[in-house]
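User: I am a first-year student and would like a close look at one part of this protein, followed by an account of its surroundings. Please explain the reasoning as you proceed.

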Amino acid sequence: MIRGVKGGLLAAVSLALVGCAATGGGETASASDKPAEKPAKFNKDPYPSTYKPYPGQVTAVRNVTIFDGEGGRIDNGTVLLANGKVEAVGGPDTPIPADIAVYDGTGKYLTPGIIDIHSHLGDYPSPSVEAHSDGNEATAPTTPEVWSEHSVWPQDPGFSRALANGGVTSLQILPGSANLMGGRSVTLKNVPSRTVQGMKFPGAPYGLKMACGENPKRVYGNKGRAPSTRMGNFAVNRATWAKAAAYKKKLDDGKAVDRDLAMETLAGVLAGEILVHNHCYRADEMALVIDMSKEFGYKVSTFHHAVEAYKIADILAKEGICSAMWADWWGFKMEAYDSVNENIPLVYKAGACTIVHSDDANQIQRLNQEAAKARAAGRRIGIDVSDEMAWTWLSYNPAKALGIADRTGSLKPGKMADVVLWNGNPFSAYTRPEKVWIDGALMFDANDPKRRPVSDFELGQPGEGDVK
């Protein structure tokens with residue numbers, strides 16, 4: 001043993017002498033002589049969209065009432081769809097080419113497709129069983145390294161129900177709200193696909209799902225770890241953002257770093273490449289989150305649920321932050337208690353970005369009715385929102401909050417032909433989608449059984465999706 005140690009020491013000394021000789025008679029190498037560390041390089045888009053629009057044909061709908069999604073209305077209007085885009089929108093004198101598909105919209109309404117900014121379809125699919133519960137990585141209070149798309153099950157029957165019953169053409173899939181930082185969200189086109197990448201909205205920014213309030217403090221307080229209080233929520237958030245800021249600075253300075261999936265996501269937020277979607281109920285917490293965002297240099301795109309948004313609607317308008325809200329879901333826990341049914345119209349009246357969202361596999365099928373309920377509540381207190389302006393809550397505003405309003409969300413020439421023909425006024429409880437186009441392809445037709453999408457999972461099962 002002693003001999004072995006001695007031999008090892010001699011070998012070490014010999015290597016040291018060789019090293020000295022290599023640097024020129026015992027001189028040590030200077031820092032400038034060392035090879036420069038290479039900065040970390042990684043693919044920011046390792047799972048690119050493979051979405052390709054379904055085949056479509058040149059189509060016109062005429063004699064129809066149009067809500068253009070940005071607050072415009074055309075009575076007895078005409079829309080022309082070609083090459084997957086909105087080609088023209090106008091009145092009855094809009095030219096229609098010969099030998100194309102033409103639909104008469106008399107007594108019907110045409111709108112941009114509904115965009116649900118808050119969905120968990122695919123991550124919490126139907127059937128709702130434990131084996132399908134893939135939306136919350138509730139193993140640490142911050143998990144920005146997880147991506148919701150890696151849980152999305154494209155066969156979820158909820159997708160086709162949202163299309164056929166709700167006229168939903170795009171939707172954001174978010175992780176759940178157990179964690180302060182729940183992971184990345186993904187925006188999808190609502191089309192059948194074998195893979196989630198085949199649904200992914202091309203070029204849409206990723207989002208970071210955050211949550212404040214009761215959920216994270218309850219989940220981790222019950223595990224005997226931080227956070228267990230609201231102040232703990234903010235302390236953990238701030239410590240994580242501080243670490244992310246230091247990581248980003250190294251990247252910006254061109255320094256080498258070990259690859260860290262969590263920090264990559266947060267550095268993307270700090271760089272403005274990834275949008276923050278923050279689950280938050282109480283007005284005081286939303287105000288604190290705004291302060292925290294300014295401390296670390298990121299921006300909140302949207303507060304989700306936001307049942308007390310009406311209390312700080314002027315602040316939200318000033319900061320350019322959207323609120324994604326329910327019409328009348330409140331009171332089911334303490335932080336959801338102090339809401340009012342007039343929340344949505346009050347936020348709208350203050351000039352803030354107003355969105356109606358679902359957070360539910362059933363409610364996503366009737367977001368048009370949720371918006372109608374909010375309008376009714378507004379009328380009761382003297383806030384009368386027109387049909388065409390209310391539709392901004394369902395298409396253009398969510399598109400803006402998702403960073404895709406330049407491509408979808410309104411019926412403007414050159415935009416994606418994501419369009420719904422309703423069989424009546426879409427703010428009526430009796431109205432349903434008659435036809436739905438996505439990128440100009442007719443994906444649903446209530447009058448054609450062959451155009452009623454059925455999930456692969458439902459094939460061969462009783463009913464086979466005919467509840468649609």
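In which loop is N190 found? Please begin there, and then go on to the disulfides, the nonpolar cores and helix 9.

Analyst: The model is predicted, and the values below are computed from it.

N190 is found in the loop that runs between strand 8 (181-189) and strand 9 (207-211). Its relative accessibility is 2%, and N190 therefore counts as buried; the cut-off for that term is under 20%. The side chain of N190 makes polar contacts with backbone atoms. It reaches the backbone oxygen of V168 at 2.9 Å, and the side chain of N190 also reaches the backbone oxygen of F159 at 3.1 Å. Leaving aside residues up to four places away in sequence, N190 touches F159, A162, L163, V168, T169, S170, L171 and I438. F159 and V168 thus appear both as polar partners of N190 and in its list of contacts.

We now turn to the disulfides. A disulfide is a covalent bond between the sulfur atoms of two cysteines. The structure holds two of them. One joins C212 to C280, with an S to S distance of 2.0 Å. This pair links distant parts of the chain, for C212 lies in the loop between strand 9 and helix 3 (214-221), whereas C280 belongs to strand 10 (residues 275-280), 68 residues apart. Both cysteines, C212 and C280, are buried.

The other disulfide joins C322 to C353, at an S to S distance of 2.2 Å. The torsion about its S-S bond is about 85°, so this disulfide is right-handed. C322 is located in strand 12 (residues 322-325) and C353 in the loop between helix 8 and strand 13; the pair therefore ties together parts that are 31 residues apart in sequence. C322 and C353 are each buried. When the bonded cysteines are counted along the chain, the disulfides follow the pattern 1-2, 3-4.

Next come the nonpolar cores. The largest nonpolar core has 78 residues, of which L188, W241, Y298 and F303 touch the most other members. Apart from this core lies another, of 14 residues, which includes I115, I117, C353 and I355. C353, a partner in the disulfide with C322, is thus among the members of this other core. F303 also has a link to the disulfides: not counting residues up to four places away in sequence, it touches N278, C280, M286, V289, I290, L316, I321, C322, S323 and A324. Two of these contacts, C280 and C322, are cysteines that take part in disulfides, C280 with C212 and C322 with C353.

Helix 9 (residues 367-380) allows a simple check of geometry. At 1.5 Å a residue, its 14 residues should span 20 Å, and the end C-alpha atoms are 20 Å apart, which agrees. Within helix 9, the buried residues are L367, N368, E370, A371, A372, A374, R375, A377 and G378. What covers them includes strand 6 (114-119), helix 8 (343-349), strand 13 (354-356), helix 10 (387-390) and strand 14 (419-422). Just after helix 9, G382 takes a positive phi of about 90°.

K294 offers a contrast with the buried N190. K294 has its place in helix 6 (residues 283-296). Its relative accessibility is 52%, so K294 counts as exposed, whereas N190, at 2%, counts as buried.

Note on methods: Residues are numbered from 1 along each chain as its sequence is written. This is a predicted model: local features need pLDDT of at least 70, side-chain atom pairs count only at pLDDT 80 or more; totals for chains, interfaces and linings use all residues. Side-chain values use heavy atoms; hydrogens and water are left out. Helices (H or I, at least four residues) and strands (E, at least two) are DSSP runs, numbered from the N terminus. Buried means under 20% relative accessible area, exposed over 50%, partly exposed in between (1.4 Å probe, protein chains only). A polar contact is a pair of N or O atoms within 3.5 Å; within protein, one must be able to donate a hydrogen and the other to accept it, and residues adjacent in sequence count only if both atoms are side-chain atoms. Contact means heavy atoms within 4.5 Å. The expected span of a helix is 1.5 Å times one less than its number of residues. A nonpolar core is a set of buried Ala, Val, Leu, Ile, Met, Phe, Trp, Tyr and Cys residues joined through side-chain atoms within 4.5 Å. A disulfide is a pair of cysteine sulfur atoms within 2.5 Å.
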